[in-house]
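User: Could you go through a structure with me? I would like to talk about how its helices pack.

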Amino acid sequence: MTSGKMENITNVMEYEAIAREKLPKMVYDYYVSGAEDQWTLHENRSAFSRILFRPRILIDVSNIDTTTTILGFKISMPIMVAPTAMHKMAHPEGELATARATSAAGTIMTLSSWSTCSVEEVASTGPGTRFFQLYVLKDRNVVQQLVRRAEKAGFKAIAVTVDTPRLGRREADIKNRFALPSNLTLKNFEGLDIGTIDRTNDSGLATYAAHQVDRSLNWKDLKWLQTITKLPILVKGVLTAEDASLAVQAGVAGIIVSNHGARQLDYVPATIMALEEVVKAVQGRVPVFLDSGVRRGTDVFKALALGASGVFIGRPVVFALAADGEAGVRKVLQMLHDEFELTMALSGCRSLKEITRAHIMTPWDNPRVACRM
């Protein structure tokens with residue numbers, strides 16, 4: 001890939017086409033696809049386009065502050081890196097490159113349980129605030145070990161994925177008989193006999209998940225997790241007010257409104273559509289975050305206007321990593337930061353606390369707007 005093409009990138013989406021050229025079909029399809037009809041995959045993006053701005057004018061915006069504090073950690077912007085699996089399929093440096101780029105951007109990286117670099121390797125890249133995403137496996141000893149290792153490696157929170165008792169049906173992975181390339185392993189499970197995702201007649205990952213992930217996971221297990229770690233626990237995969245209330249009652253430190261990048265249950269709403277319901281149920285008791293579908297600084301502003309404390313980005317990181325390694329991830333985070341800062345300025349907001357619900361209009365605010373849209 002010519003460096004000229006990289007220098008010419010002006011938005012996050014453009015990395016996807018470069019990643020498509022560079023990656024083996026099986027790998028690209030794994031990263032890009034959603035579940036079944038992929039209705040939610042497209043809706044995650046199109047829902048953002050139905051929310052419009054109500055910018056305020058003649059406000060002194062000569063100084064814009066994008067910084068925020070998440071669970072007590074000060075970060076440069078409310079844009080963080082979501083957990084995505086197996087970064088070494090995208091680039092030889094894998095999660096190490098992602099970790100360095102995220103640290104350089106002054107924000108938080110969430111490392112996937114299914115990473116191709118271990119928690120210790122990621123910690124060794126240097127300082128940085130990092131969270132660990134946890135799949136609760138059938139073998140609770142392994143879960144306990146993993147959590148302890150993450151804690152020891154200096155990770156600051158555990159994000160428990162709660163929308164995956166079974167893996168969603170991703171048809172491209174079934175067609176491609178997806179398997180982890182033979183030179184790679186799930187590093188966090190190395191030596192535990194559960195580190196390989198083999199080629200089967202189905203998606204190798206679906207087969208792997210079926211054997212390892214605990215389908216019986218329930219609220220009691222969340223309580224158990226709190227007994228084995230002092231780290232704050234976030235639940236990732238909440239889409240309803242009912243579950244948001246239960247999560248707060250269960251003592252979680254935060255909620256991530258997520259539909260797993262539209263890879264689990266198809267025909268769930270876009271996360272930006274589910275966000276306000278969750279925020280209202282939580283009533284400010286814990287921070288609420290959003291992932292799935294964020295590609296623009298305008299998306300970030302819309303999420304914050306609807307009550308999110310921050311957003312996480314997944315696919316843009318993986319595609320930028322595939323296209324240009326650490327520099328690509330750095331650039332994605334920089335572009336989103338710059339777009340978000342510009343959106344704030346043009347909306348008349350100088351700090352995150354000045355972003356309000358009145359800065360946007362949604363189809364459900366005003367029937368006439370909904371008709372025109």
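User: Which residues in α3 meet which ones in α14?
Analyst: In this predicted model, local features need pLDDT of at least 70 and side-chain atom pairs count only at pLDDT 80 or more, while totals for chains, interfaces and linings use all residues. Residues are numbered from 1 along each chain as its sequence is written, and side-chain values use heavy atoms, with hydrogens and water left out. Y28, Y31 and V32 of α3 meet R315, V318 and F319 of α14, where contact means heavy atoms within 4.5 Å.

User: How do α3 and α14 lie to each other?
Analyst: Their axes, which are lines fitted to C-alpha atoms over the stretch in contact, come within 10 Å and cross at roughly 155°, and α3 and α14 are therefore roughly antiparallel, a term for angles over 145 degrees on a scale from 0 to 180 between N-to-C directions.

User: And α7 with α10, at what angle do they pack?
Analyst: Helix α7 (residues 140-152) and helix α10 (residues 219-228) pack at about 45°, with axes 11 Å apart, so they are oblique to each other, meaning neither under 35, nor over 145, nor 65 to 115 degrees.

User: Who makes that contact?
Analyst: R140, V143, Q144, V147 and E151 of α7 make it with D221, W224, L225 and I228 of α10.

User: Switching topic, which residues does the UniProt "binding site" annotation cover?
Analyst: According to the unreviewed UniProt entry, the annotation covers Y30, Y135, R170, H260 and R263, although such annotations may be inferred rather than shown by experiment.

User: Where does Y30 lie?
Analyst: Y30 lies in helix α3, which spans residues 25-32.

Terms used: Helices (H or I, at least four residues) and strands (E, at least two) are DSSP runs, numbered from the N terminus.
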